[in-house]
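Biologist: I would like to learn how to read a fold, step by step, with you as my guide.
Modeller: Gladly; let us put the structure before us and begin with its strands.

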Amino acid sequence: MNRSMAGRGSPELTIEPMTRDDLPEVLAIEVSSFALPWTEEMFATDLAQGTMAETLVGRLSSAGTPPPIAGYICVWVVSDELHVNNVAVHPRWRRRGVATALLQAALDHGRAGGARSAFLEVRASNAAAQGLYRQFRFAPVGVRERYYTHPVEDAVVMRRDGL
Ligand SMILES: CC(C)(COP(=O)(O)OP(=O)(O)OC[C@H]1O[C@@H](n2cnc3c(N)ncnc32)[C@H](O)[C@@H]1OP(=O)(O)O)[C@@H](O)C(=O)NCCC(=O)NCCS
């Protein structure tokens, strides 16, 4: 699946399922993105999950050989709900539409799988991610107090109805 980021001055993004071979690159992005990063085992569990989990990487088709991974997204479709469990973009490639393309692909997947709404949790201070989600019509629906550690922080629960 190719997603053009035309107009953002970036190479074309190719979105495809994550494989175990991608994990070293994915983990490098993960540790540069989160204070409490997912471990290799957590990604491997998602990859082994089967039909419930959709785990995608976005590669910059013309930015190197092999094309580097710019970002990834991990979602679950449970009944008619899509849960966004993880999304991150390499610091070098942020603010060029990579997360937008990944989230759009994940929502398309959820819709095709019967999801009617989407949920996620996000740190209360994470303005960048909340801005991304608001662009996709996610709205805050609650707060989970002290949900995160390192540092301790509330989670804002966001939901989008009508996928
Ligand atoms: C949040 C994150 C995934 C966004 O990825 P990205 O590829 O840079 O996002 P996009 O370029 O698609 O941006 C889409 C929109 O998100 C918002 N946004 C993204 N980065 C932003 C920033 N630094 N400040 C404010 N808004 C921001 C904007 O509304 C943006 O639209 P615009 O560029 O037209 O203004 C990225 O910053 C990241 O990996 N952060 C660390 C990991 C993380 O916080 N993940 C989310 C956990 S819930």
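Biologist: How many bridges join β6 to strand β8, and do these strands run parallel or antiparallel?
Modeller: Bear in mind from the outset that this is a predicted model. Strands β6 and β8, the latter covering residues 153-161, run antiparallel and are joined by seven bridges. Within this pairing, Glu121 of β6 stands opposite Val157 in β8.

Biologist: In which sense do β5 and β6 pair, and over how many bridges?
Modeller: Here the sense is parallel, and the pairing extends over four bridges, with Leu82 standing opposite Ala118 in β6. To get from β5 to β6 the chain passes through α3, and the resulting β-α-β crossover is right-handed.

Biologist: Which residues of β6 lie on its covered face, and which on the uncovered one?
Modeller: In this strand, which comprises residues 117-123, the covered face carries Ala118, Leu120 and Val122, whereas Ser117, Phe119, Glu121 and Arg123 belong to the uncovered face. You have met two of these residues already: Ala118, on the covered face, is the one that Leu82 stands opposite, while Glu121, on the uncovered face, is the one placed opposite Val157.

Biologist: Stepping back from the single strand, in what order do the elements of the protein run?
Modeller: The protein has four helices and eight strands, and from the N terminus on they follow the order β-β-α-α-β-β-β-α-β-α-β-β. The radius of gyration is 15 Å, close to the 15 Å that the globule rule gives for 163 residues, so the protein is as compact as a globular protein of that length. The C-alpha trace spans about 45 × 35 × 35 Å along its principal axes, and buried residues account for 29% of the 163 residues.

Biologist: What share of contacts between residues at least 6 apart in sequence join residues at least 24 apart?
Modeller: In this protein the share is 58%.

Biologist: Turning to the ligand, which elements each supply at least two residues of the shell around it?
Modeller: They are β5 (81-89), α3 (98-112) and α4 (127-135), and α4 gives the most, with six residues. For β5 and α3 this adds to what we saw before, since both take part in the crossover to β6.

Biologist: Which residues come nearest to the ligand, and how does the shell divide by character?
Modeller: Of the 19 residues around the ligand, the nearest are Arg94, Ala99, Thr100, Ala128 and Gly131. By character, the shell consists of ten nonpolar, six polar and three charged residues.

Key: Residues are numbered from 1 along each chain as its sequence is written. This is a predicted model: local features need pLDDT of at least 70, side-chain atom pairs count only at pLDDT 80 or more; totals for chains, interfaces and linings use all residues. A residue is near a molecule or strand if its C-beta atom, placed from the backbone, lies within 6 Å of it. Ala, Val, Leu, Ile, Met, Phe, Trp, Tyr, Cys and Pro count as nonpolar, Asp, Glu, Lys and Arg as charged, and the others, Gly among them, as polar. The radius of gyration is taken over C-alpha atoms; the globule rule is 2.2 Å times the number of residues to the power 0.38. A residue is buried if 20 or more other C-beta atoms lie within 10 Å of its own, exposed if 12 or fewer, and partly exposed in between; C-beta atoms are placed from the backbone. Two residues are in contact if their C-beta atoms, placed from the backbone, lie within 7 Å. Two strands pair if DSSP finds at least two bridges between them. A crossover is right-handed if, with the strands pointing away from the viewer, the path from the first strand over the helix to the second runs clockwise.
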